[in-house]
Each structure stands twice: as structure tokens, then as C-alpha cells.
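Reader: I would like to go through this protein with you and test each label against its definition. Could you show me how the terms are earned?

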Amino acid sequence: MREKCRFVLDHTPHILVQIVPGEADKVSSHGRHILVEVGSAAVRGSKHYRFIKRTSAVKAVLDQYRPDVIECLCPWVLPWTAIGYRRQNPETALVAGYHTDFPNAQVGRVARGLFGERIASGFRAMSYGYAEVTYRQFDRLYTLNQTARIELSARRLDRIDVLPLGVDLAVFSPERRDSGFRHALGCDDVRPLLVYAGRLDAEKKVDQLLAMMRHLPAGFPAQLVLLGDGRLRERLVEEAAGLPVSFLGFEPDRWNVARALASCDLYVSAMADETFGLSVAEAQACGLPVVGVASGAMPERVNPGLGLLGPVDDPAAMAGNVVSCFHNRSVIAPAARRHAEQHYGWQNTFRTL
């Protein structure tokens, strides 16, 4: 959102109104950029995330600023707020961004844990039906990867584009590497240091990373850094007892995130339903090989020569891939950086948008 604001102000004559959840109702105006915070409750167990339920407040903002184009990134209640506004203002264009594969990553995962796979498949089908009914009301829909585009196209949705996200290549760079970061963790410059950055929630499958650590060979003394927070943090801390795992919590400063990534040796993720994998791209920009799973957007992010992808929920295979990539990191690291420079510039993202 910060990069979008910068692009709009530097390269277009437009006014940008961004409506986001916040602690309380607040409007901040900076020339052609207006940030509207709608007071919203924190998501239970994830204090850094908030969810807008007050659709009447959002409708009031739309009535006040009368936008020509609405871009909606929430798949739940806000799309219908935008649809209702357009019915009263038919000259308004609607664009939706499919940033989360919610039928699989959220609805299907929860239903599987509660009822089993057979019933979960029914919930997934209903969720895709909801997506079809909702996004058919929009003039344009974009996904973050080809897999999601194909899935939604099969639901009789058309006018779908693929919009890759970007990375601030000046911030996320191998130059951010800092031995002091490693030494503060009790890790010297020789010991393998693995990192994951993201929410500590069930859909991210961070528990699989802990299982992977248990499958590493005895002579491979790796340490794992978990950068992020979420509702599963306490449980994961308990499960990590006896393992060389550091929980660093939520980091709001992007420079510090880049320092952490660049100071590690490998990026690891067991997430099977990534719609883009922005943290993967940021890690590649920092020169890190990526070890992940061959599912979701991962195959589009991790091309041959940039890391290794294994089966979903197979920590033993992931452990083997970690060892292999670590020993080849001197070759993979510069290739990962070149890949980020060629494919993840924010300028291309926002020109397309």
C-alpha cells in the first residue's frame, strides 16, 4: 500500500483514498493521498491484524469521496459494500484483487480440521460459488498467480488478469547482511541459519518447519528464525522446546525485516496455498535460496536454480532440500538476486494495475 501510494503520487495525477482498519476512526490527508482508518477490532490471537465489520462507515467514506474506481482487496464483506455503492453510482468502476485463496487456505483448512476432508470439500465448493457470485459483479478481477487465475476461470469468471507483486529492491538487498544480527542470536557465521517471515497461523503450516528441524541430520546444526506473530505463537513455542528456534515476533520496520532476511542463509516455508509469496520474493531479493513446497504460487516464485520444492506436509523431504540448498547457496544466491531484479520491480506492478 505504501508503494502504491508512492507510485500514484509520483507518476499519475490521481487522488488515492485508502480505507484500512485501525484502532479508531481517523482521517489523514497528505495532498492527493487520503488515508482513512476505520475503527476495527483486532483479530483474536493476532493483535497486529484488524478486520473491518462496520460496512456503514466504509459506505460513508465512499459517499464522501465519490471514487471513480474502487479496488477491493477483501473477499468477505467489503466487496458487497462496493457493489452496493456502484448500484447507486453506476458510473463507478469496480476492480477486485484476489490476494488470498480463501476457499482453500481459510475455509477448506478450517472445515477439514473440524469435519474431515469430505465435508471440507463441500465447504470449499460453496466458497468458490460465493467467489463466483461476488466477482461476477466486478468489471475486472486480478489474481497474483496463474494457478488462481485458472481456478477462478473454471468458475465461469472472465476478465481475469495476473498481477505480480513487487519488492523494494533498494531495501531488500544482500547488502543488508549484518553479522551482528546472527551473533545476537548466538549464531556464528558458519552455522546454517534458516528464516521464515509471516504470520504464525495454521494456514502457514509453521508447525511443519518445526518438524523439518527434527529431521535434519545430526551433523547439520541449523538454527531457525521465525519472524512474525499470530494466534499459534504460544503453541509453537511449546512445540519448539529443545529445538534451536528463535521467535523474534512482529517487526514493523521493513529495513529490519530486510536485515534479518539478508543475514540468514536460506528462506523456508511450508505454506501450500500462497497466492503470491511476497516474503519469498523479498528473500530472493536479499539473495536467499528458497526451500518450500510444490503447491500454490511457490512453483511460479521458485524457478529451477533458485531453490528446491518438495511435497506438501513432508518435513523429511524439506530437511533434505535444506541441506542441499545450503551447500549450493553460493551459486543460488546471486541467481536469486538477479531473478528479483528482473521480475519484482514495483514499477511494473503498478503500471499494470
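Author: Gladly! This is a predicted model, and its secondary structure comes to 15 helices and 15 strands.

Reader: What makes the radius of gyration agree with a compact globule?

Author: The protein has 353 residues, and a compact globule of that length would have a radius of gyration near 20 Å. The value here is 21 Å, which agrees. Along the principal axes, the C-alpha atoms fill a box of roughly 65 × 50 × 35 Å.

Reader: How much of the protein is buried, and how much area does the protein expose?

Author: Buried residues make up 50% of the 353 residues. About 16700 Å² is exposed, and carbon and sulfur atoms supply 53% of that area. As for contacts between residues at least 6 apart in sequence, 60% join residues at least 24 apart.

Reader: Why is the contact between Arg112 and Glu117 called a salt bridge?

Author: The cut-off is 4 Å between a side-chain nitrogen of Lys or Arg and a carboxyl oxygen of Asp or Glu. For Arg112 and Glu117 the closest N and O atoms are 3.0 Å apart, so the pair forms a salt bridge. By this rule the count comes to 27 salt bridges.

Reader: Are those two residues buried, exposed or partly exposed, and how do you know?

Author: Partly exposed is the range between 20% and 50% relative accessible area. Arg112, at 38%, counts as partly exposed, and Glu117 does too, at 39%.

Reader: What makes the pair of Asp265 and Arg177 a tie between parts of the chain?

Author: Let us start with the salt bridge, where the closest N and O atoms are 3.5 Å apart. Asp265 lies in the loop between helix H10 (254–262) and strand E13 (266–268), while Arg177 lies in the loop between strand E9 (160–162) and helix H7 (179–184), so the pair ties together parts that are 88 residues apart in sequence. Asp265 has a relative accessible area of 8% and is therefore buried, whereas Arg177, at 39%, counts as partly exposed.

Reader: How do you know that Glu282 and Arg254 form a salt bridge, and where do they lie?

Author: Their closest N and O atoms are 2.4 Å apart, which is within the 4 Å cut-off. Glu282 lies in helix H11 (residues 278–285) and Arg254 in helix H10, so this pair ties together parts that are 28 residues apart in sequence. Glu282 is buried because its relative accessible area is 8%, while Arg254 is partly exposed at 29%. There is a network as well: salt bridges that share partners join Arg109, Arg199, Asp201, Glu203 and Arg231.

Reader: Why is Arg301 said to have no salt bridge?

Author: The nearest side chain of opposite charge, Glu300, is 4.4 Å away, and a salt bridge needs the nitrogen and oxygen within 4 Å, so the pair does not qualify. Arg301 is nonetheless buried, and its place is in helix H12 (residues 298–301). Leaving aside neighbours within four places in sequence, Arg301 is in contact with residues including Leu144, Phe276, His339 and Tyr344.

Reader: Which residues of helix H3 are buried, and what do they pack against?

Author: In helix H3 (residues 78–88), the buried residues are Leu78, Pro79, Thr81, Ala82, Ile83, Tyr85 and Arg86. They pack against helix H2 (55–65), strand E6 (69–72), strand E7 (93–98) and helix H5 (117–135).

How values were computed
Residues are numbered from 1 along each chain as its sequence is written. This is a predicted model: local features need pLDDT of at least 70, side-chain atom pairs count only at pLDDT 80 or more; totals for chains, interfaces and linings use all residues. Side-chain values use heavy atoms; hydrogens and water are left out. Helices (H or I, at least four residues) and strands (E, at least two) are DSSP runs, numbered from the N terminus. The radius of gyration is taken over C-alpha atoms; the globule rule is 2.2 Å times the number of residues to the power 0.38. Buried means under 20% relative accessible area, exposed over 50%, partly exposed in between (1.4 Å probe, protein chains only). Contact means heavy atoms within 4.5 Å. Accessible areas come from the Shrake-Rupley method with a 1.4 Å probe; for residues, only the protein chains shown count as cover. Lys and Arg count as positive and Asp and Glu as negative; His and the chain ends are not counted.
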